[in-house]
Amino acid sequence: MKRQTLLYMVLILTFNCAEEKKEIEMAPKYVEESHSFAKPNDAVITHLDLDITVDFDTEVITGIAIYSIEHLKASEIILDSKFLDIISTEADGKPTEFELGPFNEQLGQALRIKISEDTKTIAIHYKTTAKTEALQWLSPQQTADKKHPFLFTQGQAILTRTWIPIQDSPQIRITYDATVSVPKDLMAVMSAENPKQKTVDGIYTFKMKQPISPYLIALAIGDLDYKAISNRTGVYGEKSMVDKAHAEFSDMEKMVVAAEQLYGDYDWDQFDVIVLPPSFPFGGMENPRLTFATPTVIAGDKSLTSLIAHELAHSWSGNLVTNATWNDFWLNEGFTVYFEIRIMEALYGKERANMIALIGRQDLEDELAGFKDEPDMTKLKLDLSNKNPDDGMNSIAYDKGYLFLRTLEDTVGREAFDAFLKNYFKTNAFSTVTTEGFIAYLNSNLLGPNGITFNTHEWIYEPGIPKNQSIIVSNKFKNVEKTLYSFLDTTAIDISKTKGWTTQEWVHFIRNFPDTITTNDLSQLDTAFNFTNATNSHIAMVWFEQAITHNYHGNGVDHNIEDFLIRVGRRWYVSTLFKAFKKADKADEALVIYKKSRSNYHSVTVNTIDELLGYEQY
Ligand code: BES
Ligand code: ZN
C-alpha cells in the first residue's frame, strides 16, 4: 500500500551543488480539478476521526471531524463544505480561525482553516442542516418493516461534503475511524469494519484501515439484521428483507472467487451488501466492504444480480484504482461494466454475459440518440467544469467505456488483455488514475510491447462510436426478435416459443416493440403474459415505458405505474418513466404523479426529475 508522505508532496526539490543552487521541478501529486475547493498540493488530510450523534427527531447529525494533515508549512488548509453549520475549528487542540467562502450552487463553500507551520491535526465542530443533500431521512412508513425510521447517505459524486466537511475530491485518500451514536433500537453500519448485531447503548465504532476516497464514506442506520453467506460475504437488511436478500445473493462468495481469479486478490477483507428501502436512488453503490443496494434487485430468481457483480467489481475499478477527477468517470464505470460482465460470464456462461452486454449496447444507442445535439457529451473523457458531475454520469461512461475495452480485448486477445488488466490494478492499487495516465499505461504495457496500433484517441476524445467496435451477438436475442416479429405479423401468440425465457430475454422482447405497435397488440400481450403485474422490476419498468409511450391503459396499468413511481426512487427507473411521459406529450400527467412521489425521493433523484419536468416553474 502506498502511503501519502511528505516526499510525494514536495513540489520543488532544492539542493546545493557547491555555490550553485539548483531547482528541480517535480510534477505535483494532485492534478487540478474543478469540483473541489481543496488545494491538496499545499495541505492535505490523511486520516479522519469522526465522532457524531444522529438525532432522528430533529433530523440532524451533530459532531466533530478531526483530521490528521500533511503540509509543507502551509498557513491554511482548505476543505469543502456544503449546507453545513460549521460551529468552530481547532488546530492541534487549540481554537483556530476559519472562514467560509462564497456559496457555489454545485460545490458549496470553501472552508479555510488557519494552521501554523507545525500543525498536525485540525478539528471541526459542525452540524448538518435540513438542506444536507447526501442524507435521506425516512419515516417508518417508507421502510420495509414500517416500524422504525431509517437513514442512509449517498456520497458519490460530490455529496460527502454535505454531511462531513472534507477535501471532497476523488484524488484524496484517507483512512477513518468513526464513533456513531444512534437511538438504541437501531443499528449503524458504514463503509468500514461493521457490527453484526445491535449494541446495548446505541454507540457504534468503526474502522476503515485502507485509504479510500471521500465519496466512498457511507453510513446507514435502521432496524437491521445480518445474515452471513460465507465467512467474508453476507447481507444486511430489515427483518423482512434479510432472508430474501440472503437467498437472492447466495452466489456472492462465488462472485468474489471469480473476480479474484480474474484480476487479483480482494483487498478489502469483507464484502457485504445492505438492502436499503426502495427510495435508494441507485441500483447499487460500491461503498467499500458494504455495497448499498436497491430492494428492486430482489426478483426472487437471482435474475438481476449482475448488479452485485458490478458493485463487487468496483472493489478493483473505482475503490482500489480510482478516477482522478469526475471527468475521468469512465475509468471507474467502463472498467467496472467490463469486469462485471466477465464475472457473470465466469459464473453463468457466455450467453448470459452477452445478453447483459447487448442490453447495455442498446442503452448506449438510446443515449447517443438523446445526445444528438450535444455530441461532446458522447466522449469518454468529459469536460464537466462548471457543470454538476452528475451530468456526465450516463450510459456513455458505462457502455461506451465497456465497448472500448471489449474492442481492445478482441484486438489483443483475452490472455494478453487479462494479464494487462491484472497488472493495471496491481500497479495502481490505492491510487488514482487520469485518462491520460491510463493511455500512457496502455501504450507502454499492452499496445507497444505487442506492436499493436489502436485508435485509442478516437475512442476516448471523439464523439460517437468508432467503426472498429466489437459486434456483440446473442442467439437467444435473435430468437426473441423472431418471436416478436412473428407475433406482429400474425397477431397470434405462441406461448411455447417463450418457455424458459430469462429476464434479459423478456426485457429485450418488450424494449424492441416497434413505434407502430397498437394498443390492441399491447392488450393481447398483456393478457397472455400479464406484464402489467410483473414482479421483476426491470421487466415492469420497460413494460410501463411502452404503456406510457403507446397510450396503453388496460389491466390497471396506470395505477401500477403510479404506485411504482411513488414507491421506488431508483433514479434510472424513475427518470426512464418520466421521460416516456414527456416523449408522449403527457408532461401534465407526469406532474400529477410527481407531486405525489417527490417527497419520497432522495435529493439526487429529485434534482434529475425537477430538471426533466421543469418542476420549479409550477
Ligand atoms: N457508482 C455507481 C452509482 C453512482 C454513479 C452514484 C454516479 C453516483 C454517481 C454504481 O456503481 C452504479 O453504477 N450503479 C448502477 C448499477 C449498475 C449495474 C450499472 C445503478 O445504480 O444503476
Ligand atoms: Zn458502477
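Visitor: Is Asn 551 buried, exposed or partly exposed?

Guide: Happy to help! One thing to know at the start is that this is a predicted model. To place a residue, we look at its relative accessible area: under 20% is buried, over 50% is exposed, and anything in between is partly exposed. Asn 551 has a value of 41%, so it counts as partly exposed. You will find Asn 551 in the loop between helix 14 and helix 15.

Visitor: What is special about the phi angle of Asn 551?

Guide: The phi of Asn 551 is positive, about 55 degrees, although Asn 551 is not a glycine. Asp 585, also not a glycine, has a positive phi of about 60 degrees. Look for Asp 585 in the loop between helix 16 (571-583) and helix 17 (587-597). With a relative accessible area of 71%, Asp 585 is exposed.

Visitor: Where is the cis peptide bond?

Guide: Follow the backbone from Gln 156 to Ala 157: the peptide bond there is cis, with omega near 0 degrees. Ala 157 sits in the loop between strand 12 (150-153) and strand 13 (174-181).

Visitor: Now the metal. Which protein atoms are donors to the zinc ion (ligand 2)?

Guide: To read a metal site, start with the atoms within 2.8 Å of the zinc. Here the protein donors are NE2 of His 310, NE2 of His 314 and two OE atoms of Glu 333, at 2.0 to 2.7 Å from the zinc ion (ligand 2). Along the sequence, the donor residues follow the spacing H-x3-H-x18-E. His 314 belongs to the loop between helix 4 (306-313) and strand 22 (321-323), while Glu 333 belongs to helix 5 (residues 329-348), so this pair ties together parts 19 residues apart in sequence.

Visitor: Are His 314 and Glu 333 buried or exposed?

Guide: His 314 is buried, at 0% relative accessibility. Glu 333 is buried too, with a relative accessible area of 2%.

Visitor: Why is the arrangement around the zinc ion (ligand 2) called irregular?

Guide: Check the angles: the six donor atoms subtend 53 to 159 degrees, which makes the arrangement irregular.

Visitor: Where does the second largest pocket lie?

Guide: Ask who lines it. Domain 1 (43-222) and domain 3 (487-613) both contribute residues to the lining, so the second largest pocket lies between them. This pocket holds about 680 Å³ of space. Its lining has 30 residues, and those nearest the centre are Pro 278, Pro 295, Thr 296, Asp 563 and Arg 567. Helix 15 gives the largest share of the lining, five residues. By class, the lining has 13 nonpolar, twelve polar and five charged residues.

Notes:
Residues are numbered from 1 along each chain as its sequence is written. Chains are lettered from A and ligands numbered from 1 in the order in which they are written. This is a predicted model: local features need pLDDT of at least 70, side-chain atom pairs count only at pLDDT 80 or more; totals for chains, interfaces and linings use all residues. Side-chain values use heavy atoms; hydrogens and water are left out. On a 1 Å grid over the protein atoms alone, a cavity is a set of points where a 1.4 Å probe fits but cannot get out, and a pocket is an open set with protein on both sides within 12 Å along at least five of seven lines; lining residues have an atom within 4 Å of a point. Grid points are joined across faces, edges and corners, and a volume is the space filled by probe spheres set on the points. Helices (H or I, at least four residues) and strands (E, at least two) are DSSP runs, numbered from the N terminus. Ala, Val, Leu, Ile, Met, Phe, Trp, Tyr, Cys and Pro count as nonpolar, Asp, Glu, Lys and Arg as charged, and the others, Gly among them, as polar. Domain bounds come from an automatic or database domain assignment. Donors are N, O and S atoms within 2.8 Å of the metal (3.2 Å for Na, K and Ca); water is not among the atoms, so sites may look incomplete. Four donors count as tetrahedral if all angles lie between 85 and 135 degrees; four count as square planar and six as octahedral if opposite donors are over 155 degrees apart and all others between 65 and 115; anything else is irregular. Buried means under 20% relative accessible area, exposed over 50%, partly exposed in between (1.4 Å probe, protein chains only).
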